[in-house]
Amino acid sequence: MCGAVSYSASVAEPELGACHCSMCRRWSGGVYLGVAIKPDAIRFEGNDNIQVFKSSPWAERAFCKTCGSNLYYRVTAPGEHHGIYHIGAGTMDDQKGLTLSQQLFIDQKPSGYSFAETTTDLTQAQVEALFGGAAET
């Protein structure tokens, strides 16, 4: 958000995963939407501004020290997923072509929302009008 950290990545599969676990919901303020990226397909700039913490026995999470923006969830456990980054879709400049393909911790999903539901859709202009121009992108 502040620009202290940036990354470039090559996305092999433009698929979104949604995580409904209580930790991801607390971390992201809602459902976490992430894109899996292999360790050799991502490069970070501003590494001195990245704070990493072990969030579970199998993973770590990172955020920007300057503004607090969430950056990634990374698998640290041995196995086929070791080292895989799950980059928040909202941090990506180009989100075109991303398709929701997987939901994790579906048994923990709050009953108040579902991606299959009909929703009220507000544009940026409508949200800004609703909140008196307070919304920032």
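Me: How many salt bridges does the count come to?
Reply: This is a predicted model. One salt bridge joins Arg-43 and Glu-45. Another joins Glu-60 and Arg-74. The count comes to 2 salt bridges.

Me: How far apart are the closest N and O atoms of Arg-43 and Glu-45?
Reply: The cut-off for a salt bridge is 4 Å between a side-chain nitrogen of Lys or Arg and a carboxyl oxygen of Asp or Glu. Arg-43 and Glu-45 form such a bridge, and their closest N and O atoms are apart by 2.9 Å.

Me: Is Glu-45 buried, partly exposed or exposed?
Reply: Buried means under 20% relative accessible area, and exposed means over 50%. Its salt-bridge partner, Arg-43, has 48% and is partly exposed. Glu-45 has a relative accessible area of 43%, so the class is partly exposed.

Me: Which strands hold Glu-60 and Arg-74?
Reply: Glu-60 forms a salt bridge with Arg-74, with the closest N and O atoms 2.8 Å apart. The pair links distant parts of the chain, 14 residues apart. Glu-60 lies in strand 6 (residues 59–64), and Arg-74 lies in strand 7 (residues 70–75).

Me: Is Arg-74 buried or exposed?
Reply: The limit for buried is under 20% relative accessible area. Glu-60, at 15%, counts as buried. Arg-74 has 18%, so this residue is buried.

Me: Which residues have the most contacts inside the largest nonpolar core?
Reply: This core has 16 residues. Strand 3 (32–37), strand 4 (42–45), strand 6, strand 7 and strand 8 (85–88) each give two or more residues to the core. The residues with the most contacts inside the core are Phe-44, Ile-50, Tyr-72 and Ile-87.

Me: What does Ile-50 touch, not counting residues up to four places away in sequence?
Reply: Ile-50 is one of the residues with the most contacts inside the largest nonpolar core. Phe-44 and Tyr-72 are also in that group. Ile-50 touches Val-5, Phe-44, Ala-62, Phe-63, Lys-65, Leu-71 and Tyr-72.

Me: Which are the edge strands of the open sheet?
Reply: The open sheet has 7 strands with mixed pairing, in the order 5-6-7-8-3-2-9. An edge strand pairs on one side only. The edge strands are strand 5 (50–56) and strand 9 (99–104).

Me: Which residue in strand 8 stands opposite Ala-36?
Reply: Strands of a sheet pair through backbone hydrogen bonds, either parallel or antiparallel. Strand 3 and strand 8 run antiparallel, joined by 4 bridges. Opposite Ala-36, in strand 8, stands His-86.

Terms used: Residues are numbered from 1 along each chain as its sequence is written. This is a predicted model: local features need pLDDT of at least 70, side-chain atom pairs count only at pLDDT 80 or more; totals for chains, interfaces and linings use all residues. Side-chain values use heavy atoms; hydrogens and water are left out. Buried means under 20% relative accessible area, exposed over 50%, partly exposed in between (1.4 Å probe, protein chains only). A nonpolar core is a set of buried Ala, Val, Leu, Ile, Met, Phe, Trp, Tyr and Cys residues joined through side-chain atoms within 4.5 Å. Contact means heavy atoms within 4.5 Å. Two strands pair if DSSP finds at least two bridges between them.
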